[in-house]
Amino acid sequence: MADLPIPIFTSLHEIYGDANAALSQATRWNALLEHYQTVFGAKATHVARAPGRVNLIGEHIDYALFGVLPTAVEPDILIALSLSPSPGGHITAENQDERYERQSFAATRSGGKWEVGIDTSELRWESYVKAGYYGVLNRYLDTDAAAPKSINMLVTGSVPAGSGLSSSAAMVVASTLSFLVMNGALDRVTKGELVRLAMENEKRVGVNSGGMDQAASVISTPSAALYITFHPRLHSSPVQIPSTHPGAVFVITNSLVVSDKALSAKVNYNLRVVETLVAARVLARGLGVSVGEGEKVTLREVVGRWAGEGEGEDIGPERLETALHMLLGETERIFDRAEEGITHGEMVKASGLAEEAFHELYLSWVEVEATRFRLYARTKHVLSEALRVLQFRRVCLSHSTPTSTPQVHGEEVLRDLGRLMNESQESCSKLFQCSCRELDELTKLAREAGAYGSRLTGAGWGGCAVSLVAEPDVPAFIERISKSFAPYRKLSKEQLKEAVFATKPSSGAGVYVVE
Ligand code: NG1
Ligand code: MG
C-alpha cells in the first residue's frame, strides 16, 4: 500500500466512502471554495485533504517501532489552493478559524538549504504549514532553482486540536501535499514517501513522534482499519473490523481537556520517548542481546534480536506474540521495580554507559525534565500493549467474513475486543501515566453506558476516548454519556455533536482537483 501514488480525487464520494457522507460534507467544501474566492479574488484550483485518525489500539508504541491499529476518520484538514501572480515564492496562508491570524512568509536560501523560519518557542498554527513547506523545498526543489511558486492558501479543519485525533499530523500532511502539488512534484512521491516526509516535517515542530498518525492519515482506505508496522520498514495491511451481529461501531468522546503536547513535551511525550529508549538498552543488557555503543536501539528491535530475527527481517506476528509473552515475565527480573522510579544516576548505571556517552545518546537531542524515571512501568506498558495489538488483530482476522462468524458469536467477539481496549486503558493510566482524571472517568462512564470497551486514543493527557459500542445501542449510549459525564451537561446540542460522535473510516490523504 505504501508504494501507491497519491490519489487525485474528482468527487467527494471517493473521499468519504458513501453518498450520504459526501452530501453532508459538500456544504463545507462549497463554503471553503466560496470563501477562498472572496479572500483571494480568484478561484482555488486544488484542495489538499488529510484526515485525522483514531487509534483503536496500540498507544505510545509506534516510537518503540511496534505495530499499531488506527483508522482515518471523516474529520479532516482541507487546504484550498491556487498559484498567486506575485513573484518570489510568497506564501499567504489564511485560516477559516478566526483564532488563527493570516500569515505571510517566503523561503530564503542559506548555506545550501531553504529556510522558512519555524518558531518552536511557542505553538503557532502556521508552524505546521511551514513544516510542510520546509520538507518539500529541501527534498524536492533545488536550491539553485528559480524561486518556488507563490501560493495562496485557505485552511479549514474539522479535527479538533489537542484532542488525540491527530489534527497536527493532518495539518502537516495537508500542507506537505499542498506544496508538492503546487510546485509540480506530486507525481514524484508515493504514499510511503509522503509518510516519511510528513514525519520529518512534524518533528520540526518539536515532538519526537512515531509514524502512526502520518501513516494513518496517508494510507487509510474507507473499508478497513490498518495494521501499521515500522520495523524493519514501514508496512501496512488492512484489518477488517468483524461484521458481527450486532454490528460494531467506534464512538469518539472528547474529554474536553486540551492537551498541549508540543508545549508540555519535556515532561510527558518526549520524556516517554527517552524513557522507552533507555529501557530498551537496559532490557537488552539484561537479556544478553548485543547493542552497539552508540546505537539508539528500540524495544521492538531488542525483542526481535532476542527472538532470532535477522537484520532487515520481520519475524511476523505469530513469533512476535510468543516472544512478547515470554519477555513480559523477564522484565520483572531485569528492571528495578521501585514504585517511584529510579534516579538519573541509577538510570545511567543500569544502561551500562558512561555518563557522557549516555547524555550524548539519550539527552543531547531532546529537552526533558524529570527527577525519577519509571523504566519498568514503561516497558511493561509497551510490551503488553504491543501484545494487545496482535491479539486485537488476530480476533479481527479470524472473524473478518460474515460467514465465518455465526451470529451467536457476535457478542463474544465484541467482548474480546472490548476487553483488550479496557486493558489498554488501564495500562496507559497506571503504567504509562498518559491518561488523566477526566479520561479515566470518561472511559469508566462509557463502559457503564454500554460500551464493550473504552480507552483514550492518541497521546492522551487529555483529548478523546474511543469506545466500542454495538450499533443498535449507539443512540442510547450517546444519550447516557451526555448525562453522566458532567462536562457534557453544559454543552449545547451542536457542541455535543462535535464532542461525541460515531466514526466512519475514511480514505487517506489526497488532492482534489477543482474543475
Ligand atoms: P497524537 O497526540 O494523537 O498526535 C501522538 C503521536 C503518535 C503516537 C501517539 C501515542 C504525534 C504527531 N503523534 O499522537 O506518533 O505516539 O501520540 O500513541 O505526536
Ligand atoms: Mg498530534
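In this predicted model, the largest nonpolar core contains 148 residues, and Ile79, Val173, Ala174 and Leu177 have the most contacts inside it. Helix α13, which covers residues 375-397, gives this core its largest share, 12 residues. As background, nonpolar side chains tend to be buried together in soluble globular proteins.

Ala174 is a good place to start looking around. Leaving out residues up to four places away in sequence, Ala174 touches Ala48, Arg49, Ala50, Ile77, Ile79 and Ala509. One of these partners, Ile79, is itself among the core residues with the most contacts.

## Two crossing helices

Now turn to helix α4 (residues 167-182) and helix α5 (residues 191-203). Their axes come within 9 Å and cross at roughly 115°, and the crossing is right-handed. On the α4 side, the contact is made by Ser168, Ala169, Val172, Val173 and Thr176. On the α5 side, Leu194, Leu197, Ala198, Asn201 and Glu202 take part. Sorted by class, the residues of this contact are six nonpolar, three polar and one charged. Val173 is worth a second look, since Val173 belongs to this contact and is also listed among the core residues with the most contacts.

## Around ligand 1

Helix α4 appears again around the ligand. Which residues come nearest to ligand 1? Of the 18 residues around ligand 1, they are Glu59, Ser209, Gly210, Gly458 and Ala459. The elements that give two or more residues to this shell are α4 and α6, the latter spanning 212-219. By class, the shell has five nonpolar, eight polar and five charged residues.

## An enclosed helix and a neighbour

Why is helix α9 (residues 299-306) largely enclosed by the rest of the structure? Six of its eight residues are buried, so the helix is largely enclosed. The buried ones are Leu299, Arg300, Glu301, Val302, Val303 and Gly304. Their cover includes α8 (269-287), α10 (316-334) and α13. After α9 comes Gly308, with a positive phi near 85°.

Helix α10, part of that cover, holds Leu320. Leu320 counts as buried because 24 C-beta neighbours lie inside 10 Å. Apart from neighbours within four places in sequence, Leu320 is in contact with Ile315 and Leu390. Leu320 and His60 lie 260 residues apart in sequence, and their C-alpha atoms are 18 Å apart in space.

## The loop after α10

The loop between α10 and α11 (344-351) contains Ala338, and Asp336 is found there too. Is Asp336 buried or partly exposed? Asp336 is partly exposed, because 14 other C-beta atoms lie within 10 Å, where 20 or more would be needed for a buried residue. Ala338 is partly exposed as well, with 14 other C-beta atoms within 10 Å.

Both residues can be paired with positions further along the chain. Asp336 and Leu375 are 39 residues apart along the chain, while their C-alpha atoms are separated by 8.0 Å. Ala338 and Tyr376 are 38 residues apart in sequence and 8.2 Å apart in space, C-alpha to C-alpha. Not counting residues up to four places away in sequence, Asp336 touches Ile342, Glu346, Ala350 and Tyr376.

## Backbone details in the loops

A few backbone angles are also worth finding in the model. The peptide bond from His231 to Pro232 is cis, with omega near 0°. Pro232 lies in the loop between β9 (225-229) and β10 (235-239).

Gln433 and Trp461 each have a positive phi in a residue other than glycine. The table sets their details side by side.

| Residue | Phi | Loop | C-beta neighbours within 10 Å |
|---|---|---|---|
| Gln433 | near 50° | between α14 (410-430) and α15 (437-448) | 16 other C-beta atoms |
| Trp461 | near 55° | between β12 (453-456) and β13 (464-470) | 23 C-beta neighbours |

With 16 other C-beta atoms within 10 Å, Gln433 is partly exposed, whereas Trp461, with 23 C-beta neighbours inside 10 Å, counts as buried.

Notes:
Residues numbered from 1 in each chain as written. Chains lettered and ligands numbered in written order. Predicted model: local features only at pLDDT ≥ 70, side-chain atom pairs only at ≥ 80, totals over all residues. Axes fitted to C-alpha atoms, helices over the stretch in contact; angles between N-to-C directions. Helix = DSSP H or I, 4+ residues; strand = E, 2+ residues; numbered from the N terminus. Left-handed = near helix turned anticlockwise from the far one by under 90°. Contact = placed C-beta atoms within 7 Å. Nonpolar A, V, L, I, M, F, W, Y, C, P; charged D, E, K, R; others polar. Near = placed C-beta within 6 Å. Core = buried A, V, L, I, M, F, W, Y, C linked by C-beta atoms within 7 Å. Buried ≥ 20, exposed ≤ 12 C-beta atoms within 10 Å, placed from the backbone.
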